[in-house]
Amino acid sequence: MWLKLGRRLGSLIIVMFLVATMVFFLTRLAPGDPAALMLGDQATAEDIARLRQVYGLDKPILVQFLLWLKEIATGNLGQSIFLQRPVIQAIAERAEPTFFLALFSVSVAALVGIPAGIASAVWRGRLVDQIVSGLAMLAANIPSFWLGLIFIQLFAVRLGWFPVAGYGEPGAPFMERILHLALPATVLGIVNSALIVRFTRASMLDVLSDDYIRTARSKGLSEARVVLRHAFGNALVPIITVVGLTAALLVGGAIVTETVFGLPGIGNLVVSAVLRRDYPVIQGALIVVAGIYVLINLLIDIIYTFVDPRVRY
Amino acid sequence: MSMNTPSLLSIQDLEIRFRTEDGEIAPVRGVTLSVAPGETLALVGESGSGKSVTSLSVMGLLPRPAGRVSGGKILFRQRSGRTVDLAALPLSDLRGLRGAEIAMVFQEPMTSLNPVLTVGEQIAESVRLHMGLGHASALKRAEEMLDLVEIPHARRRVHEYPHQMSGGMRQRVMIALAMSCNPSLLIADEPTTALDVTIQAQILALIQRLQREIGMGVLFITHNLGVVAEIADRVTVMYAGQVVETGSVGEIFRTPRHPYTNALLNCLPARARRGEDGRRVVQSIPGSIGKIGDGCAFAPRCVHATDPCGVGTVLLETEMDRSVRCLRWREIPA
Ligand SMILES: Nc1ncnc2c1ncn2[C@@H]1O[C@H](COP(=O)(O)OP(=O)(O)OP(=O)(O)O)[C@@H](O)[C@H]1O
Ligand code: SF4
Ligand SMILES: [Mg+2]
């Protein structure tokens, strides 16, 4: 098992290297000179050249790449061109809403999706199944911005239960900030639950026809125990995978929701960085998100070993 | 059924139906058999004759919602002395009997155990439920059961997962699980078919030993007449969803009455007839299962068939301890 994890860590480093390479060259391939952009229309060629030198933009691209690699390998993501502070700090400042949004959304998605998927499999073809499958189909096809706007209109504007948008005053108490996440997390959770419902249902159906389920019934166990302990225990691996991947996607993919709800998260940071060609921030954010993605995958692998003894030995 | 011992299990004229894409079929329609306490009844017949479906119906484990018992009775005498019809019993009552008074060992040792629970937990779960033991003592009981079925190092293996064991070991675990609450009836559906011959013999010996020790009745389903000769007291032969003959092992082997039983025995090598060989000898021959046609189901393949065989319903006739479903069984030489 340790050997397996070691190998996994090795491949993780290779993946991160490839990601870094791609991130660097793709952002550089885009046209437009950030130095010129930064200084505006009135800048002279001299000003621009000086600035390029300050940010190392005048060196050959391969040299820039190697220097950059060395920096990120030591954890330094560089300096933001526009925000006047280290990229890592800019990301850290925006990490809280993104992190909690992803965490809450995936929790909502799992809490809704897993029980619905189980019920749907147990009562396959019956009314419950039809309702769940219909709703899941609907959820999968609703654009999150649309559902977001509806929720804002209904629960924030009309009923006033939740804040309309934003993340509270800077320095507001933690709970007040968190309350701002309730609506967006619900929206993202509902939209993302569809995939979890489908995976849970398929995985449960698969398992429910296995021989050991018949054995479990032959022992006289209650149907609830047969389904929840014997079937669900075996259906977990694909379910964990899809929940983990949902979490990973949410970290990077919450951009639209963050925009609709005016949350100052990483998605928001990336959008404004892209508009201003703030390369260090774009690159840094992509690296961090990819890193989280890879780490979540590693985490999924570790959880497998707890869930499935066949992986453990 | 011998008249002086009241039977433990008595299936009477059982009919089972399945809903399929091509309409409803009745793979079992006319099964009558009984098992006395402490007795082993072998249920034999070719593949598809309805042996497994019959045994599953006793446990109420027919695949749902496609399959159901559509006729007949499955009478079972509970430990309390009360006799119930398992086919009509509410599911909650049936659950109380499953694992406690009626236990089952399945054909597929490789897949019948839950891969994510240790074998100890799987046995202990049943023991906790039916014997009301706590966690620790249930696990202790599981360990004793593994010991009883001759699994070496039971103390260690109780914590192992099924995939860490061979097929033979897993089947022992299944037997340990089935026996853990001292059932009065054990249903074993081809428990050794998937195992190699030496392991087969060990498992059979094990079942016989445990049967003697706790005096349970055994319904033993098999293809293998060599196995029948070795362990059964009586034999029930099925063909195309019906019981065609029942008798003691000696009678069936010496003087088979039904032409199908005769055909079965004729493709058995002489050695096996004396119970020395364990090979699977009954080939699957397409029967006309499910359609309730007129006359004897075996007629198309029967060397003794005459005109009357093709009309009406052929009844299972019982005389002393012998039952035969054939119009001509008294005239046909064994
Ligand atoms: N799930 C099902 N759906 C529809 N028909 C079924 C189903 N299971 C069994 N049958 C029908 O019941 C018949 C008898 O099957 P069964 O498994 O009882 O045979 P068997 O005597 O145990 O055969 P084998 O020796 O191969 O195990 C089959 O031929 C099939 O037509
Ligand atoms: S009833 Fe007729 S066809 Fe059927 S087994 Fe007897 S002799 Fe053969
Ligand atoms: Mg079978």
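In this predicted model, a polar side-chain atom of Lys51(B) sits 2.8 Å from an oxygen atom of ligand 1. His223(B) makes a similar approach with its side chain, placing a polar atom 3.0 Å from a ligand 1 oxygen. The backbone takes part as well: a polar backbone atom of Gly50(B) is found 3.0 Å from an oxygen atom of ligand 1. On its own, ligand 1 would expose 640 Å², and the protein buries 69% of that area.

A look at the wider surroundings helps to place these contacts. The shell around ligand 1 consists of 15 residues, and those that come nearest are Ser47(B), Gly48(B), Lys51(B), Ser52(B) and His223(B). Helix H1 (51-59) of chain B provides three residues, the largest share of this shell. Strands S1 (9-20) and S2 (23-35) of chain B each supply at least two. By class, the shell holds seven polar, five nonpolar and three charged residues.

Attention can now turn to the open space in the protein itself. The largest pocket encloses about 1,200 Å³. It is lined by 30 residues, with Val122(A), Arg217(A), Glu223(A), Arg64(B) and Pro65(B) closest to its centre. Chain A contributes two or more lining residues from each of helices H5 (87-122), H9 (182-208), H10 (211-218) and H11 (223-253), as does helix H2 (91-97) of chain B. The lining of this pocket comprises 17 nonpolar, 11 charged and two polar residues.

Conventions: Residues are numbered from 1 along each chain as its sequence is written. Chains are lettered from A and ligands numbered from 1 in the order in which they are written. This is a predicted model: local features need pLDDT of at least 70, side-chain atom pairs count only at pLDDT 80 or more; totals for chains, interfaces and linings use all residues. Side-chain values use heavy atoms; hydrogens and water are left out. A residue is near a molecule or strand if one of its heavy atoms lies within 4 Å of it. A polar contact is a pair of N or O atoms within 3.5 Å; within protein, one must be able to donate a hydrogen and the other to accept it, and residues adjacent in sequence count only if both atoms are side-chain atoms. Accessible areas come from the Shrake-Rupley method with a 1.4 Å probe; for residues, only the protein chains shown count as cover. Helices (H or I, at least four residues) and strands (E, at least two) are DSSP runs, numbered from the N terminus. Ala, Val, Leu, Ile, Met, Phe, Trp, Tyr, Cys and Pro count as nonpolar, Asp, Glu, Lys and Arg as charged, and the others, Gly among them, as polar. On a 1 Å grid over the protein atoms alone, a cavity is a set of points where a 1.4 Å probe fits but cannot get out, and a pocket is an open set with protein on both sides within 12 Å along at least five of seven lines; lining residues have an atom within 4 Å of a point. Grid points are joined across faces, edges and corners, and a volume is the space filled by probe spheres set on the points.
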